[in-house]
Amino acid sequence: MSVSALQKDQNVTTQDLVARVAALAPKLVERRAKGIALRRLPDETVADLVATGALRACLPKRWGGYELPFGTHTDIAMELARHCGSSGWVAGIIGSHNWWLGKFNPATQEEVLSGRPDALVGAAFASKPGSKAVAKDGGYVVSGEWMWASGVDHCDWCALMTPSPQPSGPPDLLMIMWKRGEYRIKDVWNVPGMKATGSNNAVIDEAFVPASRVSRIADLNSKVSTGQKLNDSWVYRLPMLDVFAYSVAGPTLGCAKGALASFLAAMTSRTALDGAKVADFQSLQLRAAESSAELDAAQALYDADMSFLRAVAQANQDIAPHDILRIKRNCSYIANLSKRAALRLVEAMGAGGVDDANPVQTAFADTMAGAAHRALSWDINASAYGKSLLGTQTSPDDEVLKRQAAAAAALKK
Amino acid sequence: MGDDHGQKHKADTAEFTRRAAALVPKLAQRRRETLDLRRLPETTVADILDAGFFKIMQPARLGGFELPYGSQVPISAALAPGCGATSWIVSVVATHHWMLAKFDAKAQDDVWAKNPNAYACSAFGFAEANVAKVDGGYKVSGRWTYSSGSNHADWAMIVLAVPRDGQSPERRFAMVPRSEFQALDNWRSVGLRGSGSNDIVVRETFVPDYRTIGFDEIDLVDSPGTKVNRAPSYRLQTFGVFNLTGVGPAIGLAKAALDAFTDGIKQRRGTFGAKLAELQNIQIRVSESSAEIDAARHIAEYHIGHFQQEAMTGKGADKTHILKHQRDCAYIGRLCTRAAERLAEAQGAGGLSEDNPLQQALADIKGVCAHITMGWDANSVPYGKSLLGIEHQGMI
């Protein structure tokens, strides 16, 4: 899009963007099998997503984005996931990166986004043991392997969270931006669900990166980061990692909603072997009612948290630690509700329900795979919130938070 | 929002919710007394009347506070940690008073003109009833069942099944004064024991026409009472919103169960000295139960918000939303039941005691969920049918 066209486009709302991606539904459904076979999104799907502008929902206006509130990208991802789980997932992930790019090192923002509002930026947070960044000559020497960068095959850039060993204490965590070609993509994504997300690994054998491509996780996970001097909107006043889980909870819930829609479409007209209309069975009515109640409950939690986050950001407040844990618990609980809702439907479909070609099966497998994201781990998030509720000390998971807090304190000095 | 449904009422609901929370310690002190009485103690009834909880949705022209429909949810929920039966009766009676505002103005005047603190219990089911249309009204006798608060109420709102030639009986609500009914002493239950939900007996009384209202009339956007009660909430259709009655007590009791559990477990050590709060299984239990309770609360808020909008537009409810609301009230009941059960089963022998507040809350939640509006099967199937394109016959 030209710059003038982009300017005209500035009054776009969340509803507009959701409507634009909803219009892609028939194409997405048609390409579902192709994406599964490719194990990444078809190129034409990525082109369609880019053309809607929806990936730029939360990108700063300065770089040609719509600068809509955090959560717009998850509304978009949820809508897409109702039709194609992998499309929703990748849109949610890349959409979230476009949001936190507004918090990133200003020099990186300039390099990645200036004149290129549709640059696609992937990311990976998990790395194999030994992956590291060692400080050297105004930058870092980096080597390692990073897991599961969704959509990486289509990306122009990829940000990798990298531990940087310190003389004493825990390593500092850095987010380092790499240009396509500076890392190798390793094809590892062989999975039962979210097949078309192409969540492959990125490998860096040994390479130097200047400090201008680096942000500290502690900085990004604060209310106001260094990069926000470029983007002073309240939209960016949320801690990157603490709110991340919603970027994957949204599409996961969308997948389960898709399972319900496909289930209802199939069951409304189906007859049993003896000719009975299966929709008349009270067992199926109860299944539909319970799964729909769970999905509406998940949506109610999602809506309440999004309003809460927006209010906190607009008031320029920090999120209280207990509320951060509550939000993470809610994301995991949304994933649990989504899994239960989808399972209850697919298990009523007989052999047809395990057929790869059955959209309920695809949506179920996508729901399970989406919910497998670490950010949605019930055990981790429920334990941490439970500890907080019971007033005991921090959970093992909070070791990460502690390290970030220490790093943030060091940053302020 | 325009009109009185805006900020002023929000503050009033908040004020009543504060009053409710302030009453909790007193109610908790009377827990044993209430259980033994199997009805609310006189002192509790006096406290309720004093605080004005029964009047929250009563018309302003008759001394009520005319808060929006839905205000019974946070207010009754705030009472629940003190006493489940009190929470239940407040929600139920406040809802009846909202219904009574839809009756003919004269019926409302009969109840409240001389005594704005008068209140009505109700009994919609009956074991045996004899109803006949006579000149100017109805001849009524019989026994109606499960009338919460019937020991003290000044009036009873009962359901009449009026025989019709060649058709099923016509159903009407009717107001019967205290002098015309007696409460039996037959409420012996595990849950909501203190609610005194006894049967009531009516012996040969006459109910004038104006003290009755047909199910179809009370379900109108412009029911007879809206001629005198102009607030938007009275334009909500009765059966589309009525199921909300049990939601406040259910959520309040589940939250009370969670708080009782966490407060207790923070101090406790296992037989071999381990601090129980440090056990991951306990952490996950409280986390899951709290997630369920938060979900229940947000679902309720969604519907209350929906009703307030519906009241403002005054166009009545759409059928899909009625079914969804009906499903969700029962789902809230399920969430709250599970939340309390998950905690109760981690308590051991101490958790079985009637004097254990968590055990009591669980029993009361089961009492709440035994109500016709809260049962999962009956209330979820109509929505399931609508999803599957099957027409639901009969009342919802």
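Let me begin with a term: a residue is called buried here if 20 or more other C-beta atoms lie within 10 Å of its own, with the C-beta atoms placed from the backbone. By that criterion, buried residues make up 56% of the 413 residues in chain A. Please keep in mind throughout that what we are looking at is a predicted model.

I will stay with chain A as a whole for a moment. The chain has 15 helices and 9 strands, and its C-alpha atoms fill a box of roughly 75 × 55 × 40 Å when that box is taken along the principal axes. The radius of gyration of chain A is 21 Å, which agrees with the value near 22 Å that a compact globule of 413 residues would have. As for how the chain folds back on itself, 73% of the contacts in chain A with a separation of 6 or more are between residues 24 or more positions apart.

Now to the sheet in chain A. Four strands form an open sheet in the order β1-β5-β6-β9, with mixed pairing. The edges are taken by β1, residues 121-124, and β9, residues 214-216, each of which pairs on one side only. On average, and with direction ignored, neighbouring strands of this sheet are turned by 25° against each other. If we look at one of the pairings in detail, β1(A) and β5(A), the latter spanning residues 157-164, pair in the parallel sense over 4 bridges, and within that pairing A123(A) has A159(A) as its bridge partner in β5(A).

Chain B also has an open sheet of 4 strands, and here the order is β1-β4-β5-β8, again with mixed pairing. The edge positions belong to β1, residues 120-123, and β8 of chain B, and because each has a single partner strand, one side of each is left without a neighbour in the sheet. The average turn between neighbouring strands of this sheet, direction ignored, is 30°. Helix α5 of chain B, residues 84-100, packs on the sheet and touches β1 and β4 of chain B, with its direction making about 90° with that of β1(B).

Within this sheet, β4(B), residues 155-164, and β5(B), residues 167-177, run antiparallel and are joined by 9 bridges. These two strands form a hairpin with 2 residues between them, and G166(B), in the turn, has a positive phi of about 65°. On its other pairing, β5(B) is joined by 3 bridges to β8(B), residues 212-214, and these two strands also run antiparallel. A convenient residue to follow across is A174(B) in β5(B), which stands opposite I158(B) and has T212(B) as its bridge partner in β8(B).

Still in chain B, which residues of α4(B) are buried? They are Q72(B), V73(B), P74(B), I75(B), S76(B), A77(B), A78(B) and L79(B). That is 8 of the 8 residues of the helix, residues 72-79, so α4(B) is largely enclosed by the rest of the structure.

Two backbone details deserve a careful look. Most residues other than glycine have a negative phi. D137(A), however, has a positive phi near 40°; this residue is found in the loop between β3 (132-136) and β4 (139-149) of chain A, and with 9 C-beta neighbours inside 10 Å it counts as exposed. In E204(B) phi is likewise positive, near 45°. E204(B) has its place in strand β7 of chain B, residues 198-208, and counts as exposed with 10 C-beta neighbours inside 10 Å.

Let me turn to where the chains meet. In this model, 31 residues of chain A are in contact with 31 residues of chain B. On the chain A side, the elements that give two or more residues are α10 (245-267), α11 (282-314), α12 (321-346) and α14 (378-390), and α11(A) gives the most, with 14 residues. The residues on this side divide into 17 nonpolar, 9 polar and 5 charged.

Finally, the nonpolar core. The largest one has 238 residues, of which I176(A), A254(B), A257(B) and C336(B) touch the most other members, while α11(A) is the element that gives the most to this core, with 13 residues. Leaving aside neighbours within four places in sequence, I176(A) is in contact with A133(A), Y140(A), V142(A), A159(A), L160(A), T162(A), V209(A), R213(A) and V214(A). Among these contacts is A159(A), the residue we met earlier as the bridge partner of A123(A).

Note on methods:
Residues are numbered from 1 along each chain as its sequence is written. Chains are lettered from A and ligands numbered from 1 in the order in which they are written. This is a predicted model: local features need pLDDT of at least 70, side-chain atom pairs count only at pLDDT 80 or more; totals for chains, interfaces and linings use all residues. Two strands pair if DSSP finds at least two bridges between them. The radius of gyration is taken over C-alpha atoms; the globule rule is 2.2 Å times the number of residues to the power 0.38. A residue is buried if 20 or more other C-beta atoms lie within 10 Å of its own, exposed if 12 or fewer, and partly exposed in between; C-beta atoms are placed from the backbone. Two residues are in contact if their C-beta atoms, placed from the backbone, lie within 7 Å. Axes are lines fitted to C-alpha atoms, for helices over the stretch in contact, and angles run from 0 to 180 degrees between N-to-C directions. Ala, Val, Leu, Ile, Met, Phe, Trp, Tyr, Cys and Pro count as nonpolar, Asp, Glu, Lys and Arg as charged, and the others, Gly among them, as polar. A nonpolar core is a set of buried Ala, Val, Leu, Ile, Met, Phe, Trp, Tyr and Cys residues joined through C-beta atoms within 7 Å.
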